[in-house]
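Visitor: I am new to this structure and would like to take a close look at a single part of it. Please show it to me before we start.

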Amino acid sequence: MVSKKSYKNWNIKGIAESVIEEIKEDGEDIDDVLDDYLQRTYWSIYTREMKDARIVVELVREYIEELEN
């Protein structure tokens, strides 16, 4: 398993807040569209660092789910 520590260079909180802000600006409900927005986030990260994309998006998802609960 990959350590979360190896992804410390990614601003998980900042990425999550940007995703939430974009969803709200688009007038969408987070529960309905989160997967779509995270897919876009994945591809954005993937173009910069292929091996980090999956875990970074999963960490962003966890962060957003914690905020929403």
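My request concerns helix H1 (residues 12-25): what should its 14 residues span at 1.5 Å a residue, and how far apart are its end C-alpha atoms? Please go on from there to what surrounds this helix.

Guide: Before turning to the helix, please keep in mind that this is a predicted model, and that the chain has three helices and zero strands, its elements running α-α-α from the N terminus on. At 1.5 Å a residue, the 14 residues of helix H1 should span 20 Å, and the end C-alpha atoms are indeed 20 Å apart, so the two values agree. After H1 comes Gly-27, which has a positive phi, near 70 degrees.

Along H1, the buried residues are Ile-12, Gly-14, Ile-15, Ala-16, Val-19, Ile-20 and Ile-23. In a helix of this kind there are 3.6 residues a turn, so residues three or four places apart point the same way. The partners against which the buried residues of H1 pack are helix H2 (30-46) and helix H3 (53-68), and each of these can be taken in turn.

With H2, the packing angle of H1 is about 130 degrees, and the two axes are 10 Å apart. An angle over 145 degrees would count as roughly antiparallel, and H1 and H2 are therefore described as oblique to each other. Their crossing is right-handed. On the H1 side, the contact is made by Ile-15, Val-19, Ile-20, Glu-22 and Ile-23, while H2 contributes Ile-30, Val-33, Leu-34, Tyr-37, Arg-40, Thr-41 and Ile-45.

With H3, H1 packs at an angle of about 65 degrees, the axes being 9 Å apart. Since 65 to 115 degrees counts as roughly perpendicular, H1 and H3 are therefore given that description. The crossing of H1 and H3 is right-handed. Here the contact involves Ile-12, Lys-13, Ile-15, Ala-16, Glu-17, Val-19 and Ile-20 of H1, which meet Val-56, Leu-59, Val-60, Tyr-63, Ile-64 and Leu-67 of H3.

The partner H3 has 16 residues and reaches 22 Å from its first C-alpha to its last, close to the 22 Å expected at 1.5 Å a residue. Its buried residues are Ala-53, Ile-55, Val-56, Val-57, Leu-59, Val-60 and Ile-64, and these pack against H1 and H2. Glu-65 also lies in H3, but this residue is partly exposed, with a relative accessible area of 39%. Between Glu-65 and Leu-34 there are 9.9 Å in space, C-alpha to C-alpha, although the two are 31 residues apart in sequence.

In soluble globular proteins, nonpolar side chains tend to be buried together. In this model the largest nonpolar core has 20 residues, of which Val-56, Val-60 and Ile-64 touch the most other members. At least two residues of this core come from each of H1, H2 and H3, and H3 gives the most, with seven residues. Ile-64 offers a good place to see the helices meet: leaving aside neighbours within four places in sequence, Ile-64 is in contact with Ala-16, Val-19, Ile-20, Ile-30 and Leu-34.

Stepping back to the whole chain, buried residues make up 35% of its 69 residues. Of the contacts with a separation of 6 or more, 57% are between residues 24 or more positions apart.

Technical notes:
Residues are numbered from 1 along each chain as its sequence is written. This is a predicted model: local features need pLDDT of at least 70, side-chain atom pairs count only at pLDDT 80 or more; totals for chains, interfaces and linings use all residues. Side-chain values use heavy atoms; hydrogens and water are left out. Helices (H or I, at least four residues) and strands (E, at least two) are DSSP runs, numbered from the N terminus. The expected span of a helix is 1.5 Å times one less than its number of residues. Buried means under 20% relative accessible area, exposed over 50%, partly exposed in between (1.4 Å probe, protein chains only). Contact means heavy atoms within 4.5 Å. A nonpolar core is a set of buried Ala, Val, Leu, Ile, Met, Phe, Trp, Tyr and Cys residues joined through side-chain atoms within 4.5 Å. Axes are lines fitted to C-alpha atoms, for helices over the stretch in contact, and angles run from 0 to 180 degrees between N-to-C directions. Angles under 35 degrees count as roughly parallel, over 145 as roughly antiparallel, 65 to 115 as roughly perpendicular and the rest as oblique. A crossing is left-handed if the near helix is turned anticlockwise from the far one by less than a right angle, and right-handed if clockwise.
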